[in-house]
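Subject: Structure handover and notes

Dear colleague,

Please find the structure below, followed by my notes on what was found in it. I have tried to state the cut-offs alongside the terms.

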Amino acid sequence: SEILFLFQGYQGMVDGGDNIVEVSWESVSSILQVGGTVIGSARCKSFRTREGRLQAAYNLVQRGITNLCVIGGDGSLTGANLFREEWSGLLEELAQKGKIDEEAVKKYAYLNIVGMVGSIDNDFCGTDMTIGTDSALHRIIEVVDAIMTTAQSHQRTFVLEVMGRHCGYLALVSALACGADWVFIPEYPPEEGWEDSMCVKLSENRARKKRLNIIIVAEGAIDCHNKPITSEKVKDLVVQRLGFDTRVTILGHVQRGGTPSAFDRILASRMGVEAVLALLEATPATPACVVSLSGNQAVRLPLMECVQMTQEVQKAMDEGRFVEAVRLRGRSFENNLNTYKLLSHKKPDAELPKTNFNVAVLNVGAPAAGMNAAVRAAVRVGITEGHKMFAVIDGFEGFARGKIKEISWGDVGGWTGQGGSILGTKRTLPAKYLEKIADQMRTNNINALMVIGGFEAYLGLLELSAAREKYDEFCVPMVMVPATVSNNVPGSDFSIGADTALNTITDTCDRIKQSASGRVFIIETMGGYCGYLANMGALAAGADAAYIFEEQFDIRELQANVEHLTEKMKTSIQRGLVLRNENCNENYTTDFIYQLYSEEGKGVFDCRKNVLGHMQQGGAPSPFDRNFGTKISAKAMQWISKKLKETYRKGKVFANTDDSVCLLGMRRRNLVFQPVAELKNETDFVHRIPKEQWWLKLRPLMKILAKYKTSYDVSDSGQLEHVAMHSPKEAETGAI
């Protein structure tokens, strides 16, 4: 089918002419890593008039266009909805004016529209994440991380203003992701007298030797009387009341710029496919829809319902119904807000409950970015729930050696943005130390365990629960939070650290692509036997092939890939990128593939290889990993509290059922606690991967985008649903 670009958005549709251009395969090559939009975008006054829309309809009919895919924010999508509703009337009018004939009115009687939400504000109801939001968070967090180093050396207070005239999502999530002291958002105005409570909190932090205060203000922040709270006003307040050296940084359009993050590239690619499928399946009777993301699931929602709901939020805010506004924003937003409230303000000791339970937290396996954010959330939620929190140094090995100490609220301040594992982590399994670990549990009177780690953490919990028959000490609630760059833990679609690793791979591939004129690069990624990083990295970097263990390949396939690349090199796109998972095949090593490509490509292309290695484990955690780590860990801690209450009998905790040793994972749309015993059947223990992996469904997408002919399984594509108004209870069960 013919694909056309409409340059400059609705303006281009109204102006017609050169703005409507047919697109070729090559013309969109390598735009994946370019920020902004290469086809331009414009706010269009004339499209808001019926005259303008009439002209747009005429231009579309002239080119025979009856399917539109609109990528934009709520304004663009509201406009698209109206355009579709008016379409038949517009054609009638054009026919009456003699601009088109009756034949054309019949032939182009229906306009199909599918929307994709591209907006950094994430202000559109019905979708958990809009395209561009994650990249904007990357920009904000880069700035915050940079400011933190200067502020710590100078003991300053920074007021950071981020975008969001009507929606506080960016402010809220960046506050969560950097552990800000205070955040102002339009949906949740502070209570009367907030000036006093904010100043008290800032001075308490100073007294605790915290050298840095960060306050985040959304540009549309208001107080409970609907009066604006500006960053300048906040600064003046801090200076007048506390005399702190205070600076304002307004991020402005920096947030819209830069290269898209790995998450946004994959999200946009998935949504693009979904939009085309929706257009192909559209009939005159189906409503215009929006393709969006719910948890990790693509869904389609009626455009009209989303627009109405988005307008409802604004209306609720204008009328001062703020609790309602937060609820209408959806469960993901509500969950973020609840987690922020839980973690940012410590109640005075006198107000905290006292449970007399001791809970230990440890990291197991290889380091993963975001582990520290998870530890911080666990410690703070545990303290809020009234438990005494203990930190174990160096995993199960450290546990056996008695490296365990009480950890306080202040001890974990500033941990969210730190890479690696501050507690230290080891791959050692507990089986050979059972006696010693049981001793330590008894000595320190540990009533529950929270393990943050990868596949070893999962094996460790299986070993501890098997040892319950022999040791009563292990008859306590235990929960695991998945954290590994490999994303190879059964029971969860995502694990903490994988997003940061994907961004590292994507950044590196972008750089390599620039130096790859006339060259093919073979890039080896980590992941053990799990192909997640290779496959998703290939999708995000626009690679030509990805070799993974889960999809066996032979010499014929290697040959076909080489031929495919040879053909590609004859076009204007003279570069190739091939990713290979480190363990995809013991004989077809990275060297072997490099030598094969070098030999077969002689005279057509050069070949280079690059092993990415441990840089994939390091670095500051991405916004997604900070946020995911924080929320999943807070939820795990709340589960521990619930289990402790349930299993406390006659003065002691005794838990020996399967459902008291769980793994908390993200499954499609929900966060689910699953007994590790039940996950055994889903695990390939030899290769340390889950037997079924959701991302394998995206394999064909990568191949199609690399110009291979293959079929795409549409059984998993979104069905049209209605925008659900969730109950407050639901916010607790689900979204990230």
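Where is the place of R156? R156 lies in the loop that runs between α5 (133–154) and β5 (157–162), where helices (H or I, at least four residues) and strands (E, at least two) are DSSP runs numbered from the N terminus.

Before going further, please keep in mind that this is a predicted model, in which local features need pLDDT of at least 70 and side-chain atom pairs count only at pLDDT 80 or more, while totals for chains, interfaces and linings use all residues. Residues are numbered from 1 along each chain as its sequence is written, and side-chain values use heavy atoms, with hydrogens and water left out.

Returning to the loop, R156 counts as buried because its relative accessibility is 16%, the classes being buried under 20% relative accessible area, exposed over 50%, and partly exposed in between (1.4 Å probe, protein chains only). The side chain of R156 makes a polar contact, at 2.9 Å, with the side chain of D245; a polar contact is a pair of N or O atoms within 3.5 Å, where within protein one must be able to donate a hydrogen and the other to accept it, and residues adjacent in sequence count only if both atoms are side-chain atoms.

β5 belongs to an open sheet of four strands, ordered β6-β7-β5-β8, with parallel pairing. Its edge strands, each pairing on one side only, are β6 (182–184) and β8 (246–250), and neighbouring strands of this sheet are turned by 15° against each other on average, direction ignored. Here two strands pair if DSSP finds at least two bridges between them, and the angles, which run from 0 to 180 degrees between N-to-C directions, use axes that are lines fitted to C-alpha atoms, for helices over the stretch in contact. Within the sheet, β5 and β7 (residues 213–218) pair in the parallel sense over six bridges, and T157 stands opposite N213 in β7.

A further strand to look at is β17 (residues 519–525), which is mostly covered, with six of its seven residues buried. Seven bridges join β17 to the parallel strand β19 (residues 575–581), while six bridges join β17 to β20 (residues 606–611), again in parallel. V520 has G576 as its bridge partner in β19 and stands opposite C607 in β20.

Finally, V38, in the loop between β2 (20–22) and α2 (50–62), is partly exposed, with a relative accessible area of 45%.

Best regards
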